[in-house]
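Welcome, and please open your viewer. Keep the selection tool at hand, as we will go from stop to stop together.

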Amino acid sequence: TNPTHEETVRVLAAKSGQANIESLSWVRNELSEGKLRFNKFYRQCQEADTYYNGEFDFDTPQGGTMLRLGTFRSVVKTGVDHVAPSFMDVTVPPRSPRSSAAAERAEKFLLGANHMSEMNQPTKREVVKHQFLYGVGWKKIEFSGTQWADFPVPPEAGDEEAYRDQIEDLLAERDFSFPFSAEAVNPQEMVWDLSDSYNPKWVIRFYKVRAEWIRAHFPDWEKKRGTISGYVPFYEVWTKDSVCYVADNVWAMQPRKHSYGRIPYIQYWSQTGITTVGRKPENLYQGIGHGNYGMISAQSQLASNFID
C-alpha cells in the first residue's frame, strides 16, 4: 500500500481538529496526481484566457486582415458588472427580540470589513470574472500576520489569554492598518480534493515566488537552501486544521495547526458545467464561453473577410 494514499485516507476521515498534514511525500504525491487530474481543466482555462485577451487565431488569406472580435470579453465584462456591484448590502437578522443591538453591531462590522477589504485589496470583481471565465473562482482570506514564521502557534486549551497577547504584540510590531488580507486566486494555480465538490478536505496552491521573500519570511529555509535568489516553486498546503509551506521542494514551514476552523481558501463554484461520472474537473467547471469559441473564431473570420 502506498503510504501517501494511507495519509490521504487519514486526512479525509479526520475528526474535527485532527486533519493533519504528516509528510512532504504526501504533498508531492497529491500535487503530482492533482496536476494530472486537472490537466484538461487547465487547458480549458488557457483557451478562455486566449479568447478573453484577444489572442486567438483563425485562417485568413495571405496578407489579409485578422480582426479578432471582442465579443467574449464584452460578455464577461457585462456579467461581472451585473453580478459584482460596487457596494454590498449586508443584513444580519436578530436571533431574538432582545438581540437586535448585537445583530446591528455584527451588521456594521461585516459591512465595514467588506469595504475595508475591497478598498485595500479589491477581489470581488476578479473572483466573479474567474467564475465566468473558468466556471470556478477562488479567494483566499487570511490573518496577515501568518505570512511570517514567528506567528505564534494556536494554543491547545487554556492559554487563550497569552495567545491573544502574542497576537497583539505581533500586530504592533508589523504595523498592520488592517489585519486581514484577501486575494483572488486563479484556479490554474490550484489543485483540490474532489471527494466532496462543495467542501474540499484539502487544497494545494502552487506558484513561484522570489527566494528573497521566502528568506525574509521563513529564515530557517535559508539554512537549508542557502542564500539563493530568483524565483523558486512555492506550495501552500491547507486542511481545515493544518497548514504547511514548501519552497523549492523543502519545508519553508513544517506542518502546524492553524486557528481558522476551516480552509481559508473559499471556492465560488458557478455550476455552469455538469456533474458527470467520476467528477472530472473539466466537466464540473466550465466557463460561460465553453463550447462557443469556434463560433467566435468564425465570426471574426467573417468580419475580417468583409473588411478586406
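This tour visits helices, a sheet, a pocket and a cavity in what is a predicted model.

**Stop 1: two helices at the start of the numbering**

Please select helix H1, residues 3-13, together with helix H2. How do their axes cross? They come within 9 Å of each other, at an angle of roughly 90°. That makes H1 roughly perpendicular to H2. Now show the side chains where they touch: Thr4, His5, Glu7, Thr8 and Val11 on the H1 side, and Ser25, Trp26, Asn29, Glu30 and Glu33 on the H2 side. Coloured by class, this contact shows 2 nonpolar, 5 polar and 3 charged residues.

**Stop 2: from the helix to the sheet**

Keep H2 (residues 24-37) selected and look at what it lies across: E3, strand E4 (202-210), strand E5 (231-239), E6 and E7. H2 runs at about 95° to E4.

Next, select those strands on their own. They form an open sheet of 5 strands in the order E3-E4-E5-E6-E7, and the pairing is antiparallel. Which strands stand at the edges? Strand E3 (190-192) and strand E7 (250-257) do; each has a single partner strand, so one side of each is left without a neighbour in the sheet. As you turn the view, you can follow the twist: neighbouring strands are turned by 15° against each other on average, ignoring direction.

Zoom in on strand E6 (residues 242-247) and its partner E7. The two run antiparallel and are joined by 5 bridges. To find one place where they face each other, pick Ala247, which stands opposite Val250 in E7.

**Stop 3: a second helix pair**

Select helix H3 (residues 39-52) and helix H6 (residues 124-134). Their axes come within 9 Å and cross at roughly 105°. H3 and H6 are therefore roughly perpendicular to each other. Show Phe41, Cys45, Ala48, Asp49 and Tyr52 of H3, then Lys129, Leu133 and Tyr134 of H6, and you have the residues that make the contact. Of these, 6 are nonpolar, none is polar and 2 are charged.

**Stop 4: the largest cavity**

Now for some empty space. Rolling a probe the size of a water molecule over the atoms shows where such space is left.

Stay with H3 and H6, as each supplies at least two residues of the lining of the largest cavity. Which residues should you select? The lining consists of Gln44, Cys45, Glu47, Ala48, Leu133, Tyr134, Tyr285, Gln286, Gly287, His290 and Tyr293. H3 gives the largest share, with 4 residues. The space inside comes to about 60 Å³. By class, its lining has 6 nonpolar, 4 polar and 1 charged residues.

**Stop 5: the largest pocket**

For the last stop, select Ala113, Asn114, Ser117, Lys139 and Ile141. Among the 27 residues that line the largest pocket, these lie nearest its centre. What is the volume of this pocket? It is about 600 Å³.

To see where the walls come from, add helix H5 (100-120), H6, strand E1 (136-143), strand E2 (180-185) and strand E8 (265-269), each of which supplies at least two lining residues. H5 gives the most, with 6 residues. A final colouring by class shows 17 nonpolar, 5 polar and 5 charged residues around the pocket.

Technical notes. Residues are numbered from 1 along each chain as its sequence is written. This is a predicted model: local features need pLDDT of at least 70, side-chain atom pairs count only at pLDDT 80 or more; totals for chains, interfaces and linings use all residues. Side-chain values use heavy atoms; hydrogens and water are left out. Axes are lines fitted to C-alpha atoms, for helices over the stretch in contact, and angles run from 0 to 180 degrees between N-to-C directions. Angles under 35 degrees count as roughly parallel, over 145 as roughly antiparallel, 65 to 115 as roughly perpendicular and the rest as oblique. Contact means heavy atoms within 4.5 Å. Ala, Val, Leu, Ile, Met, Phe, Trp, Tyr, Cys and Pro count as nonpolar, Asp, Glu, Lys and Arg as charged, and the others, Gly among them, as polar. Two strands pair if DSSP finds at least two bridges between them. On a 1 Å grid over the protein atoms alone, a cavity is a set of points where a 1.4 Å probe fits but cannot get out, and a pocket is an open set with protein on both sides within 12 Å along at least five of seven lines; lining residues have an atom within 4 Å of a point. Grid points are joined across faces, edges and corners, and a volume is the space filled by probe spheres set on the points.
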